Amino acid sequence: MNKSGFNITTIALLVFGTVGIFTTTDVYAASQNTQKSQIISNDEMQAKIKARKESILKKISQMKSSTTTEAPTSVTILDSKPKQIYTLTRMIDYSPHPTTENILKDKPIAYNGNNYYFTVTYKEGWKDISASEACLDSICFNINVYENGKKVRDLTTPKVNLKAKNIKKGQPIGIAEVSPFKFNIKLEKITKNAKGISDLTFKLELIG
């Protein structure tokens, strides 16, 4: 091989080697940039997920706060025109039974910006006939008015003496008025025997 041939071959090898080095370096650098870009993208994605989660938790907290401070939505709105808004029918006999009723406690009446519900306790007078038998001879009703959960009125209807010989269905046995509400209580059914009244059923109507 002559000198010129050697030089050409040597130059060619040097050029090829240099190009190879630059190419390998470029590929490696590009690979590193891609990985870095992926890392940044993942970090951004995690940041977005965290921000979204915080936003959802904030909204939930706001909804809970709003629910506890707002007035109840399950209410009966009182109309300007009086109407029957509640009816209760109960039978009373000598056997043990509840004597107090909660009226509209779970669905209060909205009136003039306040919510109302009531309790009605019926007070019975029994005349003993034997250890296991008695006759009902009087009754009256105690009515409590609650405004926004606080008792504001306590009234009792006059006692009605019940006489088996002249008592009849539809007879009023209790009337009470607490503006703008009115209670009408009437006899719905009576069971009589030779000794007196063994049981009765009353109907209470709340007008408002």
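Strand 5 (residues 114–130) and strand 6 run antiparallel, with 14 bridges joining them. Strands here, like helices, are DSSP runs numbered from the N terminus: E over at least two residues for a strand, H or I over at least four for a helix. Two strands count as paired if DSSP finds at least two bridges between them. This is a predicted model, where local features need pLDDT of at least 70, side-chain atom pairs count only at pLDDT 80 or more, and totals for chains, interfaces and linings use all residues. Residues are numbered from 1 along each chain as its sequence is written, and side-chain values use heavy atoms, with hydrogens and water left out.

Back to strand 5 and its partner. The link between strand 5 and strand 6 is a hairpin through two residues, and one of the bridges puts K123 opposite C140 in strand 6.

So what else does strand 6 pair with? Strand 7 (residues 150–156) is antiparallel to strand 6 over six bridges, and N142 has T156 of strand 7 as its bridge partner. These two strands also form a hairpin with two residues between them, and N148 in that turn has a positive phi of about 55°. Then there's strand 8 (residues 160–161), which pairs with strand 6 in the antiparallel sense over two bridges; I139 has V160 of strand 8 as its bridge partner.

How enclosed is strand 6 by the rest of the structure? Strand 6 (residues 133–147) is largely enclosed, because 12 of its 15 residues are buried. Buried means under 20% relative accessible area, exposed means over 50%, and partly exposed is in between (1.4 Å probe, protein chains only).

Now for some backbone oddities. Most residues other than glycine have a negative phi, and most peptide bonds are trans. Two loop residues with positive phi are worth a look side by side:

| Residue | Phi | Loop | Relative accessibility |
|---|---|---|---|
| L104 | near 65° | between strand 3 (100–103) and strand 4 (109–111) | 12%, buried |
| N112 | near 50° | between strand 4 and strand 5 | 64%, exposed |

Neither L104 nor N112 is a glycine. L104 counts as buried because its relative accessibility is 12%, while N112 at 64% counts as exposed.

Finally, the peptide bond. Going from S179 to P180, the bond is cis, with omega near 5°. P180 sits in the loop between strand 9 (172–178) and strand 10 (181–193).
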